[in-house]
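These are my notebook entries on one structure, written down in the order in which I looked things up. I began with a pair of helices and asked how the two lie against each other.

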Amino acid sequence: MTSNEKLKVLKALLDSLSFRDLTLSLDLLVTGAVVYFYASSLMMATAEQLASGVWISQLLVKVVGVSIALSIVSQLLLELVSDGEVDQPMDEREKQVSLVGNKYALWTLQAGVCFAIGQYAFEQNGMGFAERAPLPFLTLHIMVGAFLLAELVNYATQLIRNRMVTPYG
């Protein structure tokens with residue numbers, strides 16, 4: 001497949017998506033890139049880096065910085081291609097879809113925070129897996145993972161619901 005054919009396929013895909021789906025897809029890709037950056041940084045880190053509070057803090061600042069930078073770039077790109085659709089308010093169906101996505105994201109976040117609290121309690125009492133945890137600051141990583149996973153769930157749920165007949169569920 002030549003590059004010209006690939007561009008035609010990409011253009012056809014973009015034309016088939018509504019602006020809302022395009023926005024959600026771009027947000028999902030940005031969040032996926034942040035998750036990849038965070039996970040790959042953790043996997044490539046040495047044991048000394050993982051045990052260092054300074055290194056972990058710097059990693060979290062980088063994750064937040066990358067997330068903000070990618071979000072700004074994606075919003076600028078959307079503004080360029082939107083033809084004013086960015087400024088239009090959501091209709092009732094889009095609001096319902098957004099609420100469903102937020103509901104599942106909230107459940108994911110709540111489960112992650114409860115898991116992190118349990119991990120912290122076990123860690124402080126020297127019980128079970130927590131005393132042999134291979135990753136220092138595991139509670140912090142669980143919470144960061146819960147936040148990132150909640151965002152992925154939010155965007156993915158909204159994309160799926162936008163393609164379904166009913167937004168409720």
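Entry 1, a first helix pair. I noted that α5 and α6 are roughly antiparallel to each other, a term for angles over 145 degrees, where under 35 would be roughly parallel, 65 to 115 roughly perpendicular and the rest oblique. The angle behind this is about 160°, and the axes of α5 (residues 92–125) and α6 are 8 Å apart. Axes here are lines fitted to C-alpha atoms, for helices over the stretch in contact, and the angles run from 0 to 180 degrees between N-to-C directions. Helices are DSSP runs of H or I with at least four residues, and they are numbered from the N terminus.

I also wrote down where all this comes from. The model is predicted, so that local features need pLDDT of at least 70 and side-chain atom pairs count only at pLDDT 80 or more, while totals for chains, interfaces and linings use all residues. Residues are numbered from 1 along each chain as its sequence is written, and side-chain values use heavy atoms, with hydrogens and water left out.

The crossing of α5 and α6 is right-handed, meaning that the near helix is turned clockwise from the far one by less than a right angle, whereas anticlockwise would be left-handed. Sorted by class, the contact of α5 with α6 has 17 nonpolar, eleven polar and three charged residues. For these classes, Ala, Val, Leu, Ile, Met, Phe, Trp, Tyr, Cys and Pro count as nonpolar, Asp, Glu, Lys and Arg as charged, and the others, Gly among them, as polar.

Entry 2, single residues in this pair. Is Ala146 of α6 buried or exposed? I found that Ala146 is buried, with a relative accessible area of 5%, where buried means under 20%, exposed over 50% and partly exposed in between, with a 1.4 Å probe and protein chains only. Not counting residues up to four places away in sequence, Ala146 touches Leu109, Gly112 and Val113, contact meaning heavy atoms within 4.5 Å. Ala146 and Val113 are 33 residues apart along the chain, yet their C-alpha atoms are separated by 7.0 Å.

Val100 lies in helix α5 and is buried as well, at a relative accessible area of 7%. From Val100 to Asn154 I noted 54 residues in sequence and 8.2 Å in space, C-alpha to C-alpha.

Entry 3, the loop between α5 and α6. Phe137 is found in this loop, and with 37% relative accessibility it counts as partly exposed. Its phi is near 60°, a positive value in a residue other than glycine. I marked this one, because most residues other than glycine have a negative phi.

Entry 4, α2 against α4. Helix α2 (residues 19–44) and helix α4 (residues 53–81) pack at about 160°, with their axes 10 Å apart, which makes α2 roughly antiparallel to α4. Their crossing is right-handed, and the contact has 17 nonpolar, six polar and two charged residues.

Two residues of α4 caught my attention. Ser74, found in helix α4, is buried, with a relative accessible area of 4%, and beyond its neighbours within four places in sequence it is in contact with Leu26, Asp27 and Val30. Ala69, also in helix α4, is partly exposed at 40%, and its C-alpha is 20 Å from that of Leu42, 27 residues away in sequence.

Entry 5, α2 against α6. These two pack at about 155°, with their axes 9 Å apart, which makes α2 roughly antiparallel to α6. Here α2 passes α6 in a left-handed crossing, and the residues of the contact divide into twelve nonpolar, six polar and five charged.

Entry 6, the core. Which residues form the largest nonpolar core? It has eleven residues: Val34, Tyr38, Leu42, Ala45, Leu50, Trp55, Ile56, Leu59, Val63, Val144 and Leu148. Such a core is a set of buried Ala, Val, Leu, Ile, Met, Phe, Trp, Tyr and Cys residues joined through side-chain atoms within 4.5 Å. The elements giving two or more residues to this core are α2, α4 and α6 (138–163), and the largest share, four residues, comes from α4. Leaving aside neighbours within four places in sequence, Leu148 is in contact with Thr31, Val34, Val35 and Tyr38.
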